[in-house]
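Reader: I am a first-year student, and I would like to look closely at one part of this protein, the aromatic rings. Please take me through them slowly, and explain each term as you use it.

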Amino acid sequence: MDINTNNAFCELMAIRGGSKTSEAGSALTAAAEVTVSGQDPFFPSPFKFGETAAGVLAARAVAANDLWELRTGRRQSIELSVETAAATCLGGTAQTQCKNSDGIYEGIQASEALQHMVSITQPWKCADGRWFLPHFNLPHLEKKVLDVLGHDGVPCEGTPEAVAEAVSKWNSEDLDRAIYEAGATGGIVFTQEEWLQHPHGKHLASLPVVTIEKIADSEPIPLPAITEVDGNAQPLSGVKVLELCRIMAGPTCGISLAEHGADVLMVTAPQLPQVPNFVRDVSHGKRSCFLDYTVPEDSQKLHELVKDADIFLEGYRPGSMEKHGFGPEDLLKDKKGLIYVSVDCFGPGGVYSDRAGWDQVAQAVTGIAITEGELEKAGQPKLTPVYACDFLTGFMGAFGAMVALRRRALEGGSYVVRVSLCQSAMLLQREGLVTGFENAPGKLDAQTFESLAVCDDGTIYGDLKTLGPVIRMSETNPRWNGTTPELGSSEAAWW
């Protein structure tokens, strides 16, 4: 793959170019230091998952390289392959093995709850002939959707047959409105052309795929110095990240920062529902604590942590953080120079800006599901074989955070970085399509997997072997420092 013609990489380099860069950090030099091997298709899908992910991961590595140059005066060469970049979009269940009682690593089955969610979170045909995708992740959100689909006060049964029957009685726009008003999530299935003519699609198309906004002035904050004898140093060594996210995209941003050396402290409350598969898969190299920001004492503790944080990462429903006093403007009172990273489905501004959503919803509304179904000759819209929007969004959130850190070090200021699932879906489509994907492997061969696998023994999930970081940098290979933690197992404190 030629990195110079990779649309995702070029878009992100244009965003990076908004900072004051040295000659060594120019976009041309950045491309010259990156080598990407291979090409799509990797999955049995028409979309260029591997090449898009490779472009985004390469840009993320360049952003890390920029910080390394600031701290050491040196730049590094960067290597990765399309196939391993694509494999990152599989998620841990497909790329994680657990040691059995005989000491042999074997694959892990998705939980029954996850299989149930997947079975009903699909496009279903409405009475007006359009398709609609209701989303059923997390029990409380599933209940809201089933209540909307129910009749005479009796919730719909949560089976594919019952959901299909219930959706078939609705006009698509009426169902979309009812799901939204119930505080649930879902979306009408549009073609790509329809989405780009939709008011919100037009709005997102007018924005960069990652927005980095300076919201206040402050003095430059240099990154901690690195000594020549510090053999464990990474581009983000000494950088503190508070992660308030669940499920996939936000935690993927957090693990991306951890791979480059950041101290990432996951913050959640014990009563919040989680998906254990996803917690296991995107928590490597982090610590975890319990704080409930709806409790005054815990809220105060979180504000105290913000005072020493560099990055505040959140992935909750739009408006939630502001409601509880943790929006960007609120946290400027705690920390000048904070980098605030927001991860959501529909992005900043626009008619859908207050809507929550998930990877599958982004696929539905932006046109991916229509294209996937048509080119696979499925006869109806179809979801892709991977949660690519989640992973691309997380990778780009980390890219944006590192670009903002560099600007803060050189220019000063506090920044808000925004990434969204819909923007990632649109980026994926801009990369173009491939043919001949029907017999694509869809997984790494055993030798490649073993060459990148990380053994993680003694976790609460057992002894694990997982596909590790796939980027290779000549001095600071991304890595996980520490096992995937049990939720709430650390103190709410910085190291």
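Author: A residue is called buried if its relative accessible area is under 20%, exposed if over 50%, and partly exposed in between (1.4 Å probe, protein chains only). The model is predicted, so local features need pLDDT of at least 70 and side-chain atom pairs count only at pLDDT 80 or more, whereas totals for chains, interfaces and linings use all residues. Residues are numbered from 1 along each chain as its sequence is written, and side-chain values use heavy atoms, with hydrogens and water left out.

Rings of Phe, Tyr and Trp (its six-membered ring) pair if their centres lie within 6.5 Å, and planes under 30 degrees apart count as stacked, over 60 as edge-to-face and the rest as tilted. By this rule there are eleven aromatic pairs. One of them joins Phe-391 and Phe-395, whose ring centres are 6.5 Å apart and whose planes meet at 45 degrees, a tilted arrangement. These two residues are about one helical turn apart, because they lie four residues from each other in helix α19 (residues 388–411); helices are DSSP runs (H or I, at least four residues), numbered from the N terminus. Phe-391 counts as buried, with 6% relative accessibility, and Phe-395 is likewise buried at 6%.

Elsewhere, a single aromatic cluster is made up of Phe-42, Phe-43, Phe-47 and Phe-49.

Rings can also have a charge over them, meaning that NZ of Lys or CZ of Arg is within 6 Å of the ring centre and within 35 degrees of the ring normal. The charged end of Arg-287 is placed in this way over Trp-495, 4.4 Å from the ring centre, while Arg-355 lies over the face of Tyr-352 at 4.1 Å from the centre of that ring.
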